[in-house]
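I opened this entry to look up strands, helices and a pocket. My notes follow the order in which I checked them.

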Amino acid sequence: MDLRINQPLWLLLLVPILMYFIWTWRKDKKIFRIEGKVVFFIRLLAIFCLVLSLTNPYLLLPIKEEQVLFLVDRSASVQGTDQQVVEWIEKSLSSRKVSHLVGVYTFAEDFQTEVALTSGELNLPAFSPMKVPGNTNIARALQLSTGIIEPNKATRIVLFSDGLETSGSVADELVKIAGGNVTIDVVQLERIVSEDVAVTSFETPPIAFEGEQQQLNVKLEATTDTKGELLLYQNDQLISREQVSLEKGANSFTFRNASTGEGLLKYEVQIIVPGDGLIENNKLTSVTNVESSPKVLVVTHDGKHSNIPTVIDQAAIQTDVIDATALPFDLSNYLAYDAIIFDNVPGHEVGEQKMTVIEQAVKNFGVGFMMVGGKNSFGLGGYFKTPIEKLLPVEMEIKGKHQLPTLGLVIVIDRSGSMSGSKFEYAKEAAARSVEMLREGDTLGFIAFDDRPWEIIEAAPLSNKEEALDTILSVGVGGGTEIYPGLALAYERLAPLKLQRKHVILLTDGQSYTNSDYQTLIEEGAKDNITISTVAVGQDADRRLLESLAEMGAGTFYDVADESTIPAIMATETAMISRTYIEDNPFYPIIYGDPTWTSLFADGVPQMNAYIATTPKQTASVIAESEKEDPVLVEWMYGLGRTIAFTSDSTGEWSGDFARWKNWGDFWNTAVSRLLPAYSEVPFMIQKANDGSYTVTDPSGKSSFIEVAVVNEKGEVLPVTTEPLAPGKSRVTIDSEPGLVFFRVSNEQDAVYQAGISIPYSEEYKLQKPNTSKLELIASRTGGKVLTDASEAFRPIHLVSSEKQPIQQELVLPAILLFFIDITIRRFGFRQLLAPLYRTKKELIETVTATSNVEKLVKEKKKR
């Protein structure tokens, strides 16, 4: 036990107090009576207790309990060591004492509890899987471990690791731990892998020209002599397959390839070896920027021919034409083009995922985008509330200028168990998007069915969209599949309504248990002007039935392979029945704005036959509009890319005399030139640092500030941390999975640079030996040791383990009692203070005397 104080400066008060008491004693001690001397020392003791209590004193009481934490590295670099660790811990527990609290925790990038700190019996379960084994953060694991323990108890952390940290800095964490109440012992681990081959390096030229022979260098590391297959891909297309023999250690291979593409080309190398220990380190990606003339991608639908490539200048602009179903999913494929044109393409053939990637290509990398009208485009194409609508200068919704028909819509959706997961979520999102397209007062009904119908929203005029949306999105799945009752209920609800248009949308992924008379139902509904469209989702849907229902009900049948296209299909259907989108009265467009466009019409404006009605966005530039003030040609900037909406078509059916106009070719060449990236490109330098971050530098020195955006192949914007290091220089840290990412770097002068960066697999998957020196550093800095014997984990911990016991109140209470005694003595004197004692003594004497007299009388009586 030890007495300590927290605020010793308060003891200085004793100096003037003692001086005063000494002076008083010397001055008055001759006249002090006994009572005065007692009061003097009582008062001195009381004041001492009060001053001492001000210092916040406490006692250090020894603690016998000690804490031992087993902290186990479970990252990929120590794969296969779990059983070895469990056996080591179980063996060490035989040396455990009653006073030991024990806990087991595991870590990689994250941290998790296997057995919480306990004084009871330890039954070690099988380790739970790690969520993120691709990184090792020893520093964070130690930080969280020291937060779990009781800091006043002596603690030993037994760290099982190979010392290979890929994030964080354990050296910085040791500064906080060293000198405290924690020691760290280490047990060295090593990955158990019998055979493994890793791609350690893949280099391609950063810049090349089309047709140039590019040298591609691959380096492999093998743990043993073996054979494998080396694959090389360009933009996800296999261009080389080669059988290779590998020797133990380093191996190098060289490919030569003449590129036929332009823009950012993604190369990927992959090694396939039977029985390979780790597949995560078997591939790497690299990027080459191939420079050439501008390239435009024209997208069509259903194999139809596009007139656009035939009228633009083929000598100056290269054009690729593909069907919408062949659009790629990866961002790198879009960055090979300077502009993308959708020529009458329906949204459900594209899908939300591809739309998202295209939006990122436009926004962050300056790829131009143009949508051309037709019966499958804009609102009729199902682009309402999609990423494509977001980037276009027009909205699909028609606002306020058109006489719209009265409408009744009932959505019938399969909620059976087979629809669970993403199918049903997309279906609900699609229904919600349809509701958003309806006007207040349109009639809406929503029926979900399994083995019986559930009328979620009764068919009635729509008064509260938010409430309807919440209701639809809250529906769950369950049960079997019985289509007819739900469909019959929809027809029953729509039949008596007095509306200009009545429509049912049926969506299912299954087949009815029973056969019913669908033909009679639909024919009777047709008498009440009810139409029906059907959507078949997945391979198990009854396509024959659904296609016949749509045909009998004067609607459309949709066969869905990609679930993400369901919202676009529903939006298309709602648009077709709820709005009069096609304006087909011949007119002469009114031309405005930019001289680049107006100069084409110096000799007059040709007549146009038709267009799709849309609404221009607030900051868009309307170049041409109809007599009804609907936009026909509109453009704006979306991020770094320019986008154009042309609401007529490219065939001449809608564009009328425009297609026979002498400037028709110039019209399209002007559109393409407007779409091409217009920013000035500055060759920023991007270099990877040892800690995994990237240093972005403007070598020209013209930039004061640098802005960086990073997008992955799926079009997802990645979290970026930017730290300015100097004018025109920043450190960038990104959170990304291995693969290809794209940097968009810009400055305050609107200079832009884009580059593809390959994110390699984690250092965890490299073939490397344990970092013994780091493990020794951890142990030595904290007073621990490198363990080889399991029993040493519970050896005595040579640290002071104690608990603070505050005694401030224990000092204040005696001081108060002493002051009361002081006052009593000075007021009444010792006699009054001790009167109770005197009175008790006197009564005792009297009692004893009385008892003695009685005894004498008794004895005298007995004698007689």
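I count two strands as paired if DSSP finds at least two bridges between them. Helices (H or I, at least four residues) and strands (E, at least two) are DSSP runs, numbered from the N terminus. The model is predicted: local features need pLDDT of at least 70, side-chain atom pairs count only at pLDDT 80 or more, and totals for chains, interfaces and linings use all residues. Residues are numbered from 1 along each chain as its sequence is written, and side-chain values use heavy atoms, with hydrogens and water left out.

**Strands E25 and E26.** I looked up strand E25 (residues 530-537) and found it paired with E26 in the parallel sense over four bridges. Val535 stands opposite Tyr558 in E26. Next I checked the faces of E26 (residues 557-560). Tyr558 and Val560 point to one face and are buried (under 20% relative accessible area; exposed is over 50%, partly exposed in between; 1.4 Å probe, protein chains only). Phe557 and Asp559 point to the other face and are not buried. In a regular strand the side chains alternate between the two faces of the sheet. Helix H14 (residues 543-552) joins E25 and E26 in a right-handed β-α-β unit. Right-handed means that, with the strands pointing away from the viewer, the path from the first strand over the helix to the second runs clockwise.

**Strands E6 and E7.** I found a second right-handed β-α-β unit, made by E6, helix H5 (residues 170-177) and E7. E6 (residues 155-161) pairs with E7 in the parallel sense over seven bridges. Ser161 stands opposite Gln188 in E7. How many residues of E7 (residues 182-188) are buried? I noted six of its seven.

**Helices.** I checked the length of H2 (residues 34-54). Its 21 residues should span 30 Å at 1.5 Å a residue (1.5 Å times one less than the number of residues), and the end C-alpha atoms are 31 Å apart, which agrees. Among its buried residues are Phe40, Ile47 and Leu52. Asn56 follows H2, with a positive phi near 55°. For H10 (residues 422-437), 16 residues should span 22 Å; I read 23 Å between the end C-alpha atoms, which agrees. Buried residues of H10 include Phe424, Arg433 and Met437.

**Ile472.** I placed Ile472 in helix H11 (residues 465-473). Is Ile472 buried or exposed? Its relative accessible area is 0%, so Ile472 is buried. Ile472 and Gly784 are 312 residues apart in sequence and 61 Å apart in space, C-alpha to C-alpha.
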